Structure formats: structure tokens, C-alpha cells
Amino acid sequence: MSSRYDRQVRVKEIGAAGQARLGAAVAVVAGLGALGSEVANLLARAGVGTIRLVDRDFVERSNLQRQSLYDEEDAAQSLPKAHAAVAHLKRINSEIRYEPIVDDIQPGNVERILAGATVLVDGLDNFHTRAVVNEGCVKHGIPWVYGAGLATYGSSATIVPGVTACLHCVMPKAALEATLPITCETVGVLGPVTSLVAAWQAAEALKIIVGAAEQACRDLVHFELWQNEVTMLPARRADDCEVCVKRRFALLERGDRLVSTSLCGRDAVQVVPPASFKLDLDLLRNTLSRSLELQENGHLLRFRADDHDMVVFPDGRAMVFGTADPQQALSLYGKYVGG
């Protein structure tokens, strides 16, 4: 047993057996913003054997106030968060395995992302994607930990399929939730809020991994840091839940299609092509460079066209900035990327 985990092994709830379970586990961290990056940090330090890091986005300077895993150089280079996270985590713990995935979680790929997972921890920014994750986790019996933080408050819930309420039990319309005007861009977010929620999520994930899922919190926990409040709200399993009781996975059955999604608080739209679409990034680069100024870092291509900034990833996914209109984003995508 590595001496680096000595203080953790001394915790009776972990012990040598628990540490061995941690070393054999696969944790998926979905979203690597303020919550996910801190969760990944804690799980790496705890010795979780494989950490699968999933994020569609790149590091920006405005992230640095609360996303403690990244630094100014990551933002200056616009590095994808998944790759930036791995670079930093390897310097924290080089003994474990990291699997960076620069992609958007959607019905067409969520089951592949979840393959072999022990637990998933949520650092996502919208409820539609969480609903997709919920269906994938329930279908394959994978526990997951929900988390969110905004302004001075945050929340978390632990979902153990077949045992606790699932997301659909408590939010049956989650998949239809539109992006609200109340975002971190409009009301801000206090850094300690996201650190607190991430620490709670990591602790819940550790309980699950070491085989103590019965100790996980069964309630929805809500923190209000400015008013010094912690509230536990019962999360009851619905007897007629379409997902965890009737096992109907409507979102997963939608499969592979072109998707456009307004990004929370970003004045931007993400366009995700179907898996069947194959982008020739070299051809795109050569074509666009004839009329546009391009920036690239080996992970993405960035340019400005028709008064909009656009970022294109090697898998064909793109972000269109300066609009919240999915149709306008799709039009710009078709004009400059294709598909």
C-alpha cells in the first residue's frame, strides 16, 4: 500500500480494504467546471484508480475565480478543460489512470461514457443533460451524485438506482427544463459554495466506491452559505416513475441526431453533429484560412465570422458565441463547418 494514502487508510471507514476498492474503481466526472474540477482533484488525491474526465468546453479567464484546478496559462491557450485537468492531475497523482473526453454528453454517447463506471459525479450546467445521465445510470445500475451551485447557495443529491429516488422521481420534467435567466453570469457564484458542494459530492462518491452506499445521504441537501443554512429535503422514490420503476428510457431511445443547445449564462450555442458526421479538420483549416484569421492550439480551431466567434473541435462539435438562438447557430455551422 502506497504511503501516500496512509492518513486515509487510518480512517476506519476506509481502511486497507476500502483503499483497495478505490484503486480498482472507475469514476466518471461529468463536467469539469467549478464542481467537477474540484471533485476530480479530491478523487485523484484519494487514489481512485481510473478517472474519466468529460467536458465539452475550454478554459476561459472568467473560470479562474472558482475553478481551482486551472491557471492563467490554460486560459491563455484556451485549452479544453478535459486535457488541462489531466495535465494538472498527473502532477498531483501520477499513479492513477486518466481518460479525458472532450465531448458533450448526449443520448448517442452516454452509455459509452458510462461503460465500466463505478460511480458518476455531476458537474454539469443543465438539467437536460442530467436527465440523459440519469437514464443511462439507472439503465446500467450506476450510482451518481448530483450537484449544483449558484450565487451563495448550492445543492446535492445522491442517486442509487433501485434504492433511492432518481432524478425523474423528483423532477419529472427535468429533460424539458429550459436554461433559466438566473445563471452564474447574471447572479454570480461564490467560490466557496462550489468548493463546499464538490467536497460533499466527493465524500458521497467515496462512500459508494468503498461499499458503504447505505451511508450515502438519501435527501436533497441545500446549502445557503451567506445565511448559514443547511436544509435536508426528503427525496422520495415515485411508485410510478417512468425511469427507475417502469424502466422507460425515452431520451436514450432518441439516439444519434444533430443537436443545438444554448449554453448556460454564456450567450452561446453549442452544435453537436451526429456521430456519423466525420469532420476533416485539415480541410476545414485550409479552406477557412483563405478568408479568415484562425487560432488553434492542437485541440480546437477558433475564428470570427459574420460578427460571431466560433470554436470547432476535431469531432465536429462547435460553439457559436454572441447568440442564444439555436437556429442562427445551426445556420452559421452549416455555412462555415458543413454537415
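1. A crossing of two helices counts as right-handed if the near helix is turned clockwise from the far one by less than a right angle, and as left-handed if anticlockwise. By that rule, H3 and H10 cross in a right-handed way. Before going further: this is a predicted model, where local features need pLDDT of at least 70 and side-chain atom pairs count only at pLDDT 80 or more, while totals for chains, interfaces and linings use all residues. Residues are numbered from 1 along each chain as its sequence is written, and side-chain values use heavy atoms, with hydrogens and water left out.

2. On the geometry of that pair: two packed helices are described by the angle between their axes and the distance between the axes. Here, helix H3 (residues 34–46) and helix H10 (residues 191–209) have axes that come within 8 Å and cross at roughly 45°. That makes H3 oblique to H10 (under 35 degrees is roughly parallel, over 145 roughly antiparallel, 65 to 115 roughly perpendicular, the rest oblique). The axes are lines fitted to C-alpha atoms over the stretch in contact, with angles from 0 to 180 degrees between N-to-C directions. Helices (H or I, at least four residues) and strands (E, at least two) are DSSP runs, numbered from the N terminus.

3. Who meets whom in this contact (heavy atoms within 4.5 Å)? H3 brings Ala34, Leu35, Glu38, Val39, Leu42, Leu43 and Ala46. From H10 come Thr194, Val197, Ala198, Ala199, Gln201, Ala202, Ala205 and Leu206. Sorted by type, the residues of this contact are twelve nonpolar, two polar and one charged (nonpolar is Ala, Val, Leu, Ile, Met, Phe, Trp, Tyr, Cys and Pro; charged is Asp, Glu, Lys and Arg; the others, Gly among them, are polar).

4. Helix H2 (residues 15–24) is worth a look down its axis. Gly15, Gly18, Gln19 and Leu22 are buried there (under 20% relative accessible area; exposed is over 50%, partly exposed in between, with a 1.4 Å probe and protein chains only). Those buried residues fall within an arc of 100°, so they line one face of H2; the arc is that of the directions from the helix axis to the C-beta atoms. Ala17 and Ala24 are exposed and sit on the face turned away from the buried side. As for partners, the buried residues of H2 pack against helix H1 (6–9), H3 and H10, so H3 and H10 turn up again.

5. Gly33 belongs to the loop between strand S1 (26–30) and H3. With a relative accessible area of 11%, Gly33 is buried. Beyond its neighbours within four places in sequence, Gly33 is in contact with Asp55, Gln67 and Lys81. Gly33 and Asn228 are 195 residues apart in sequence, and their C-alpha atoms are 24 Å apart.

6. If you check backbone torsions, which residues sit in the loop between strand S12 (301–305) and strand S13 (308–312)? One of them is Asp306, with phi near 50°, a positive value in a residue other than glycine. Asp307 lies in that loop as well, and it too is not a glycine, yet has a positive phi of about 65°. On accessibility, Asp306 is partly exposed at 38%, while Asp307 is exposed at 65%.

7. Phe249 is in the loop between strand S8 (229–234) and strand S9 (259–262). Is Phe249 buried or exposed? Its relative accessible area is 9%, and Phe249 is therefore buried. Leaving aside neighbours within four places in sequence, Phe249 is in contact with Glu135, Val138, Lys139 and Val243. The partner Lys139 is 110 residues away along the chain, with a C-alpha separation of 7.7 Å from Phe249.

8. Two more spots round off the note. Val170 lies in helix H8 (residues 167–170) and is partly exposed, at 45% relative accessible area. Not counting residues up to four places away in sequence, Val170 touches Ala165, Ala235 and Arg236. The C-alpha atoms of Val170 and Cys244 are separated by 11 Å, with their places 74 residues apart along the chain. Ser94, in the loop between helix H5 (81–92) and strand S3 (97–102), is exposed at 61%. Ser94 and Ala44 are 50 residues apart in sequence and 9.1 Å apart, C-alpha to C-alpha.

How values were computed:
Contact means heavy atoms within 4.5 Å.
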